[in-house]
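Q: Got a minute to go through this chain with me? I'd like the overall picture, then the sheet.

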Amino acid sequence: MPLTILPLQLGPAFTNAYLVADEESKQAVVVDPAWDGQKILASAEARGWQIGQIWITHAHFDHIGGVAELVRGLGFTPPIAMHPEDKWLWMEQGGAGLFGLKIEPGPEPSVVLLNGEKLHLAEYEFEVRHAPGHTPGHVLYYCAQEKVMFVGDVIFNGSIGRTDLPRGDYETLINSIRSQVMSLPDDTRLLNGHGPETTVGQERANNPFLNT
């Protein structure tokens with residue numbers, strides 16, 4: 001039975017949060033609990049899924065804004081995975097103050113991610129790929145079995161992540177995309193933080209930032 005991925009568009013930035021579940025075991029992971037933690041939990045409960053992990057691509061406020069509410073709803077703190085180079089951003093509420101907002105970040109991440117590390121959801125393996133540029137600690141989660149990668153705000157359908165926020169860097173981001181995304185097969189699905197999904201092949205052919 002294939003991996004089931006449920007996208008949820010949440011919060012003021014219309015961020016894509018993802019519920020990822022193994023239908024056989026009913027185990028689930030939340031990738032980027034963007035906002036409205038109770039909505040995420042309700043969506044999982046309606047399907048009989050049990051959320052056991054939280055994976056963060058990066059610590060901008062619109063990707064972590066639902067963590068605290070989700071954890072309260074669960075009644076326990078699951079493992080929360082994030083790259084250590086984004087801890088400073090987590091401690092600053094994900095930069096929410098720059099946009100006149102305030103969030104409760106929730107419990108600090110307990111799983112320290114490194115490039116090349118493997119995470120697991122039931123029988124599925126996800127490779128952690130460090131891809132700085134949008135933020136210093138941005139990571140991607142790649143499941144070769146399912147030909148899918150959660151790419152946060154590194155690359156979008158026809159675009160790339162912004163680099164004008166604190167500690168962003170354009171050249172670093174482009175290098176990350178070329179080494180960590182474009183190195184994958186063309187039919188790899190890219191599930192991003194905003195907007196519709198795309199594929200490696202589609203971006204290789206059409207993304208104007210990669211064809212200059």
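A: What follows goes over the fold, the surface and one sheet of this predicted model.

Q: How many helices and strands are in the chain?
A: The chain has six helices and 14 strands. Its radius of gyration is 16 Å, close to the 17 Å that the globule rule gives for 212 residues, so the chain is as compact as a globular protein of that length.

Q: And what box do the C-alpha atoms fill?
A: Roughly 50 × 45 × 30 Å, along the principal axes.

Q: How much of the chain counts as buried?
A: 53% of the 212 residues. Among contacts with a separation of 6 or more, 59% are between residues 24 or more positions apart.

Q: Switching to the surface: what area does the chain expose, and what do carbon and sulfur supply?
A: About 8,900 Å² is exposed, with 51% of it from carbon and sulfur atoms.

Q: How many positive and negative side chains are there?
A: There are 14 positive and 26 negative ones, and the centres of the two sets are 2 Å apart.

Q: Now the open sheet of six strands. What's the order?
A: S7-S8-S9-S10-S13-S14, and the pairing is mixed.

Q: Which strands stand at the edges?
A: Strand S7 (118–121) and strand S14 (198–199) do; each has a single partner strand, so one side of each has no neighbour in the sheet.

Q: What about S9 and S10, parallel or antiparallel?
A: Antiparallel: strand S9 (residues 139–143) and strand S10 (residues 148–152) are joined by three bridges.

Q: Which residue in S10 does Tyr142 stand opposite?
A: Tyr142 faces Met149 there.

Key: Residues are numbered from 1 along each chain as its sequence is written. This is a predicted model: local features need pLDDT of at least 70, side-chain atom pairs count only at pLDDT 80 or more; totals for chains, interfaces and linings use all residues. Side-chain values use heavy atoms; hydrogens and water are left out. Helices (H or I, at least four residues) and strands (E, at least two) are DSSP runs, numbered from the N terminus. The radius of gyration is taken over C-alpha atoms; the globule rule is 2.2 Å times the number of residues to the power 0.38. Buried means under 20% relative accessible area, exposed over 50%, partly exposed in between (1.4 Å probe, protein chains only). Contact means heavy atoms within 4.5 Å. Accessible areas come from the Shrake-Rupley method with a 1.4 Å probe; for residues, only the protein chains shown count as cover. Lys and Arg count as positive and Asp and Glu as negative; His and the chain ends are not counted. The place of a charge is taken as NZ of Lys, CZ of Arg, CG of Asp or CD of Glu. Two strands pair if DSSP finds at least two bridges between them.
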